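Q: Hi! I'm new to this one, could you walk me through it?
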Amino acid sequence: MTPLTHDRYCAEIAHQVGLLRAVVTSGADLSATVPTCPDWSLEQLVRHTGGALRWVELLVRTRAEEDIPEDQVPLGDGPEAAGDAAALDAWLAETGEMLVAALREAGPDTEVWAWAGIPDSGFWARRMAHELTVHRADATLAAGLPYGVAPDIAADAIDEWLQIVEFAQRTMPHDAAKELRGTGRSIHLHATDGTPELNAEWVVELTEDILVWRRGHEKATVALRGPLTAVLLAFYRRLPLDSPELEVLGERELLEFWLERATFD
């Protein structure tokens, strides 16, 4: 599969912000608990997501050379009024426009501080596209609304997740990902509705050092099969493994072990 472009990520951020705004203005109960993030209400989830976008906008726009504390981000917490869907929607709209403008102006190769060893604006375009993709799933679950995502974005979100886990193994000795080691064990993800061009299958090998992963169809210790969107949500712990659209073949315990320890959100 051809890597996605910076323009594609920017366009997806704008698209995902629009879809998240539609949840906010759908009449959903903003105080409802988010099933997949039970410490948050729907409003808190939206404020968290928008705040992350504002933080990244500030990093990119100022060409930050180090982290910026969240309390220094203007309007990072969202509008003052609680429970006001119109105000929350307006804040999200402005937030999305600001971030996309900053990312487009920077292009993909501008040096910007980032936490994953890829210090450029291209990293942030990709990261925020997938931050929105997954948290919009949280929002739609809380609101009882349907969810869908473009296949190229869903597949790239799985790629990025695997790269983040690998980064954590290399650089974060106390992260739970350190336990995802051991020879002879592997995970296969298989999107049953993929196309040859998309190649939406993955093999993840747990080694004594750093996990090794690649796109492809191979036998593994355990396989997770289902439509691409369902595989994405299950791999991000947004959909239970016993959901009817999913099938787990082989050592389910290994997949559960992975999901418990690949804890980045």
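What follows is a short chat about ring pairs and salt bridges.

A: Happy to! This is a predicted model, where local features need pLDDT of at least 70, side-chain atom pairs count only at pLDDT 80 or more, and totals for chains, interfaces and linings use all residues. Residues are numbered from 1 along each chain as its sequence is written, and side-chain values use heavy atoms, with hydrogens and water left out.

Q: Cool. How many aromatic pairs does the structure hold?
A: Eight. Rings of Phe, Tyr and Trp (its six-membered ring) pair if their centres lie within 6.5 Å; planes under 30 degrees apart are stacked, over 60 edge-to-face, and the rest tilted. Trp-161 and Tyr-236 make a tilted pair, 4.3 Å centre to centre with 50 degrees between the planes.

Q: Are Trp-161 and Tyr-236 buried or exposed?
A: Both are buried (under 20% relative accessible area; exposed is over 50%, partly exposed in between, with a 1.4 Å probe and protein chains only).

Q: Switching topic: how many salt bridges?
A: There are 20, each a side-chain nitrogen of Lys or Arg within 4 Å of a carboxyl oxygen of Asp or Glu. One of them joins Arg-54 and Glu-94, at 2.7 Å from N to O.

Q: And how buried or exposed are Arg-54 and Glu-94?
A: Arg-54 is buried, at 5% relative accessible area, while Glu-94 is partly exposed at 39%.

Q: Which residues does the Arg-214 side chain meet in a salt bridge?
A: Arg-214 meets Glu-205, at 2.4 Å from N to O. Arg-214 is partly exposed, at 27%, and Glu-205 is partly exposed too, at 28%.
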